[in-house]
Each structure stands twice: as C-alpha cells, then as structure tokens.
Amino acid sequence: MSTQRVFVARLVGCAVFDPAGDRLGKVRDVVVIYRKDDPPRVVGLVVEIPGRRNVFLSIGRVTSIQAGQVITTGLINVRRFQQRGGEVRVMTELLGRRVYFTDGSGSAVIEDVAIERDRLGEWDIGQLFLRKPKTSASPFAKGPTTFANWQDVREQQSPGEAQSAEQLVATYSELKPADLANTLLDLPDERLLEVAEELSDDRLADALEEMPEDDQVHILEALGEERAADILDQMEPDDAADVLAQLPEDQREELLELMEPEEAEDVRALLKYGPDTAGGLMTSEPIVLSADATVAEALALIRRHELHPALAAAVFVTLPPYETPTGRLLGTVHFQRMLRYPPHERLGAIIDEAADAVPATASAAEVARMLASYNLVSLPVVDQAHRLVGAVSVDDVLDYLLPEDWRSHDGDESAAATAAEVRR
C-alpha cells in the first residue's frame, strides 16, 4: 500500500498504532469535505477503538499510512464520532454513487476511491475506480471497469448525498453483530433506516440484539409490522420478549399474531415473567437431553455454530418431554465434565446433582449471586413443579445489571486522561 496513494476499501480494517507500536483500533471510514474547484479534501479517519464506539482521528495526527497499518502521533480524542455538516464519509456515502463522465461518454458507479497525499502532506481524493453499466443481458455479467480522476466526472446528485443502501450493506458483510450494531447507530437516522431495510432478517436480528431497547423499538416500528414480525422470529426468544415488552399491549399482540406460531409461543411464555426475574432474563431454548443420551450426542449439539457460547457450556437432563417446559429437571452436565468421559457414557451417570436451579420468580440479584458464587456461566430455571422452563446465562444478567448506556462508554473517567486532542 503506497504512502502516496491509498484506496479506501483496502484501508478500511487496517490497524491503527501509536508511535510505541501499541494498537489503538482499526479504520472504519475516511471523512472528506467537498471543495468548489478542487477534489474533496481528507480531514480524518473514523477509527473503531475496542470496547467503544467509533471515534474521529484527524488526518493531521496521521504520520504515515503503510501496508496494512496507520501510524499516529498517539493523541486521539476518544469522544464518540459525530459527523458534522459538510462532511462526507467515503465508505458510507460515496461508494455506490452514480457519476457521469464530463466528456458525455455515459455513467458509472463508484466502487472504490483513492486518496492521495500531496507534497505538503495533505490528503485529497484522487483516482476513482468505476464500473460502467453492463453490456450483456446475462444476469451474471458485470460491466467493464475503469479509472478516472475526480475532475473527469460529475455528480447528478447534490454533493454529499448518500450512496445506495445496497452498496453500503455489502461493506458491512464481515462485521460482527456488536460492531454492526454500533456502526448502524452511528449513522444518521434516515440512513440507518435505509440500511435496515436492505439487511437480511437474520443479519438485522443479530444486530438488534446488541442495541439498546429504545433503538430496537424505533427500528422495528419504522420497518412496518410484517417485516418487524419476520425479524422478531429470527431473534432469540428472550431478546424478542424484551423488545415486545416495551410496546403497547395492542401493538405487541398484533406482532405476536404475525410471528411464526412456535416462536410466538416461546415469547409469550417469557412475557409472563417480570423483567427483573430469572424468568424474564432467561432463554427458553437451552440444550435438553434425556438421561439415556450419550456424551457424544451432547457434544454434537454443543458444536452447533448458531448456539450461544454461554448456553453451550452445559446441557440439562430432564424427564420427558424434552422441550420447555420439560419434565422434571434431573440435573446438569457441564461441558468440561463431558470431556472427562468416553463418548458412549450416558449423561444420567455423570449428572452434577450438586448444581442448583433457580425458580423463575428469583430476582436478578439472586441469579447474579449464584452465578458468581459457583463460578458458572448459566443456570437452569425451573417452575414450581421443578420442570425446566429455560436457562439464564451470565450475559443476560450483565445486560440487566449494567447501565443503559454501557455500550457507549461516553462517561468513562479514563476518557478524560486520553482526550488531550480537541478535534480539529
């Protein structure tokens, strides 16, 4: 990657280091401002710092951009990035935009943007990597590509108008759900809803599970009832129940009627419990097996990639039926214990009978104490007849105990020590 010309799509994801070699975060976007007669000027980078939302790094604090890394002076303002008037984000707003050649030869779509450093050390937009309309009728064909300078094209849209949401969704394809949630929440509201429309149901459901409940409700209400019901079907039952609990009763019931019957039944069962109880925090889909099931069968279920890590830490052995609410809970078999026995060993022979269950009416504080006291990551939740109705995991309890704004870290006292730079 040249220090004189860098394509933004290759820059995104690169690590950002301070002069001592300590990693500060990774690049998420490039911020530019339009100028009247010259190409847009780069003013900074949007950098994702671990455990925080995106922050702004002034381009003046970047000492070099090398292969796969960005070196800074080490001074970063850790306050959350907020886009200012006149600023345009390249990945978020420019890629996917249609431009027209000034020589009248047609149009093309921007697929990548190169930023170039001049002799004074300032960075501007240089070449554009463009894709022209396809000339073949084949659905698999793509149009030819070409390079052009900024001066060789013009925009029919107003400067700063957003790109197609479809193109932006493609740039988010590799983000983890928590990162995708933070990225979406950093977008302007109108843009956020456009992107939410384009995301697949399961992808959007994963992201919503990582958002504050107010934001979840706002997005689902904007998408309409049918789409909202499809997304709720894809969410974990406990997360879906938390969202629906925030809605008026009539609206909640309409969405439940539109959901798949099996999913709606699980959510309705969770809505019966208070939000600060074990029943309100639990998931109704733990791993449940019979006493005759083998270690090999249990490990096969644990290997499912879609299973939450906390729920994969143990299986619960019950009498039939084996779907919640099950028959009487016999006990728990932890993953580590299974590893000590041969694959053919029956689960009934290795049950940890000392492991306690919590009643569905137990308070969140009581659940937290039990998890901490016995160093557990999940606990079985039972009803008055000692039937298994779900499992509550440590992440469920943390979500409840932490303050509502825990994701942003805007109030961290440590931020003041490192916020030595006043943005621009």
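Helices and strands are taken here as DSSP runs, at least four residues long for helices (H or I) and at least two for strands (E), and they are numbered from the N terminus. With that convention in hand, the place of E260 is easy to give: E260 sits in the loop between α10 and α11. The model described here is predicted, and the paragraphs below walk through it from the overall make-up of the chain to its salt bridges and surface patches.

The protein chain contains 17 helices and 19 strands. Of its 424 residues, 47% count as buried. Among the contacts with a separation of 6 or more, 58% come from residues 24 or more positions apart. The accessible surface of the chain comes to about 21200 Å², and carbon and sulfur atoms account for 48% of that area.

Two places give a view of the buried part of the chain. The first topic is strand β5 (residues 54–58), where N54 is found. N54 has a relative accessible area of 6% and is therefore buried, the cut-off being under 20%. Leaving aside residues up to four places away in sequence, N54 touches R28, V46, V47, E48, R79, R80, F81 and D186. Two of the strands that supply these neighbours can be named: R28 falls within β3 (23–33), and V46, V47 and E48 fall within β4 (41–48). The other place is helix α6 (residues 201–208), in which R203, L204, A205, A207 and L208 are buried. The cover over these buried α6 residues includes α4 (177–185), α5 (189–198), α7 (213–223) and α8.

Strand β9 (residues 98–101) offers a contrasting case, with R98 located in it. R98 is partly exposed, at a relative accessible area of 33%. R98 and V153 are separated by 55 residues in sequence, and their C-alpha atoms are 9.9 Å apart in space.

Attention now turns to charge pairing. Side chains of opposite charge can pair when their charged atoms come close. A search of the whole structure finds 11 salt bridges. In one of them D124 pairs with R35, with 3.4 Å between the closest N and O atoms. This pair links distant parts of the chain, since D124 belongs to strand β11 (residues 123–131) while R35 lies in the loop between β3 and β4, 89 residues apart. D124 is buried, with a relative accessible area of 14%, whereas R35 is partly exposed at 28%. Both residues also take part in a network of salt bridges that links R35, R41, E122 and D124.

Strand β11 appears again in a salt bridge between E111 and R131, whose closest N and O atoms are 2.8 Å apart. E111 lies in strand β10 (residues 107–117) and R131 in β11, so this pair ties together parts that are 20 residues apart in sequence. E111 is partly exposed, with a relative accessible area of 28%, and R131 also counts as partly exposed, at 21% relative accessibility.

A further salt bridge joins the side chains of R268 and E253, at 2.4 Å from N to O. Here the link runs between two helices, with R268 in α11 and E253 in α10, 15 residues apart. R268 is partly exposed, with a relative accessible area of 29%, and E253 counts as partly exposed at 34%.

Helices α10 and α11 return in the description of the surface. A patch of negative charge gathers E225, E226, D230, E249, D250, E254, E260, E262, E265 and E323. The elements giving two or more residues to this patch are α8 (225–234), α10 (249–258) and α11 (261–271). E260, the loop residue introduced at the start, is one of the patch members and is partly exposed, with a relative accessible area of 48%.

A nonpolar patch is also found on the surface, made by V377, V394, L398 and L402 and covering about 280 Å². L402 is found in the loop between α16 (394–401) and α17 (413–418), and L402 counts as partly exposed at 36% relative accessibility. Two other members of the patch, V394 and L398, fall within the residue range of α16.

How values were computed. Residues are numbered from 1 along each chain as its sequence is written. This is a predicted model: local features need pLDDT of at least 70, side-chain atom pairs count only at pLDDT 80 or more; totals for chains, interfaces and linings use all residues. Side-chain values use heavy atoms; hydrogens and water are left out. Patches are made of residues with over 30% relative accessible area and no salt bridge: like charges are joined within 9 Å, nonpolar side chains (Val, Leu, Ile, Met, Phe, Trp, Tyr) within 5 Å. Accessible areas come from the Shrake-Rupley method with a 1.4 Å probe; for residues, only the protein chains shown count as cover. A salt bridge is a side-chain nitrogen of Lys or Arg within 4 Å of a carboxyl oxygen of Asp or Glu. Lys and Arg count as positive and Asp and Glu as negative; His and the chain ends are not counted. The place of a charge is taken as NZ of Lys, CZ of Arg, CG of Asp or CD of Glu. Buried means under 20% relative accessible area, exposed over 50%, partly exposed in between (1.4 Å probe, protein chains only). Contact means heavy atoms within 4.5 Å.
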